[in-house]
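Please open the structure below in a viewer and keep the selection panel at hand.

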Amino acid sequence: ETTGVFSAAGGAAATPSITFTGDLNTGIYSPGADQLALATNGTGRLFVDSSGNVGIGTASPDALIHLRATSPFIRFTDSVDDTHYAHIGYSDSSIYVIDADAGNNRAGSAIQFKVDNTERLRIDSSGRLLVGTSNSSNNALLQTKGNAGSATSYAYLSLQRGSSPSANDDLAYIDF
């Protein structure tokens, strides 16, 4: 039993202060005042700065969670066979990606956007943009059902001016 304060030297990524028997370059260290870091194989991997910001792959996080890595940034897989996934990342310096893959003979992939746990928009595996519906049997690239006032009402498409003097005025609309 230990009582009182346990104190260790600050350490560094290659020589963390708290290590494991037989693995002296993996452990916990402090890169500076009020900072905490984890290292594996002698390299800093996870950092918590004095403001509580967490950096993964960066020692200088500038947000509550700041990830710096090669694509994909974040990968989500299922618990069954680890083959269907979604990831958020980038494919090069100018293309950012949200990707989904159903994998292993599952139904086609789709990306859903929900608000208040209700699906509002979907991009299906055929590249169709679906608004107000979660499936389509036609080949239209854009399909809408209903409108913001009622999911069972008529579809309404509107093109509006984006700046003054008449912002949000309908320039054209299609009312079905």
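The stops below go from the whole chain to one sheet, its hairpins and a surface patch.

**Whole chain.** Begin with everything selected, and keep in mind that this is a predicted model. Colour by secondary structure: the chain has 15 strands and 0 helices. Of its 176 residues, 18% count as buried. Switch to a surface display, and about 12,400 Å² is exposed, with carbon and sulfur atoms supplying 53% of that area. Contacts come next: among those with a separation of 6 or more, residues 24 or more positions apart account for 3%.

**The sheet.** Select strands 1 to 6, which form an open sheet in the order 1-2-3-4-5-6 with mixed pairing. Strand 1 (18–20) and strand 6 (65–67) stand at the edges; each has a single partner strand, so one side of each is left without a neighbour in the sheet. Viewed with direction ignored, neighbouring strands of this sheet are turned against each other by 25° on average.

**Strands 2 and 3.** Now select residues 23–29 and 36–40. These are strand 2 and strand 3, which run antiparallel and are joined by 3 bridges. Show Tyr29, whose bridge partner in strand 3 is Ala37. Then add Ile28, which stands opposite Leu38 of strand 3. The hairpin between the two strands has 6 residues, and in it Asp34 takes a positive phi near 60°.

**Strands 3 and 4.** Keep strand 3 and add residues 43–48, which are strand 4; 5 bridges join this antiparallel pair. Ala37 appears again here, with Phe47 as its bridge partner in strand 4. This hairpin has 2 residues between the strands, and Asn41 takes a positive phi near 50°.

**Side chains of strand 3.** Which residues of strand 3 point to one face and are buried? Show the side chains along the strand, and they alternate. Ala37 and Ala39 point to one face and are buried, whereas Leu36, Leu38 and Thr40 point to the other face and are not buried.

**The surface patch.** For the final stop, leave the sheet and select Phe73, Ile74, Phe76, Ile88, Ile98, Phe113, Ile123, Leu129 and Leu142. Together they form a nonpolar patch on the surface, with about 740 Å² of accessible area. Centre the view on Ile98, which lies in strand 9 (residues 95–101). Is Ile98 buried or exposed? Its relative accessible area is 52%, so Ile98 counts as exposed, the cut-off being over 50%.

Terms used
Residues numbered from 1 in each chain as written. Predicted model: local features only at pLDDT ≥ 70, side-chain atom pairs only at ≥ 80, totals over all residues. Heavy atoms only, no water. Pairing = 2+ DSSP bridges. Helix = DSSP H or I, 4+ residues; strand = E, 2+ residues; numbered from the N terminus. Axes fitted to C-alpha atoms, helices over the stretch in contact; angles between N-to-C directions. Patch = residues over 30% accessible without salt bridge, like charges linked within 9 Å, V, L, I, M, F, W, Y side chains within 5 Å. Areas by Shrake-Rupley, 256 points an atom, 1.4 Å probe, with all protein chains shown as cover. Salt bridge = Lys/Arg side-chain N within 4 Å of Asp/Glu carboxyl O. Buried < 20%, exposed > 50% of the residue type's maximum accessible area, 1.4 Å probe, protein only. Contact = heavy atoms within 4.5 Å.
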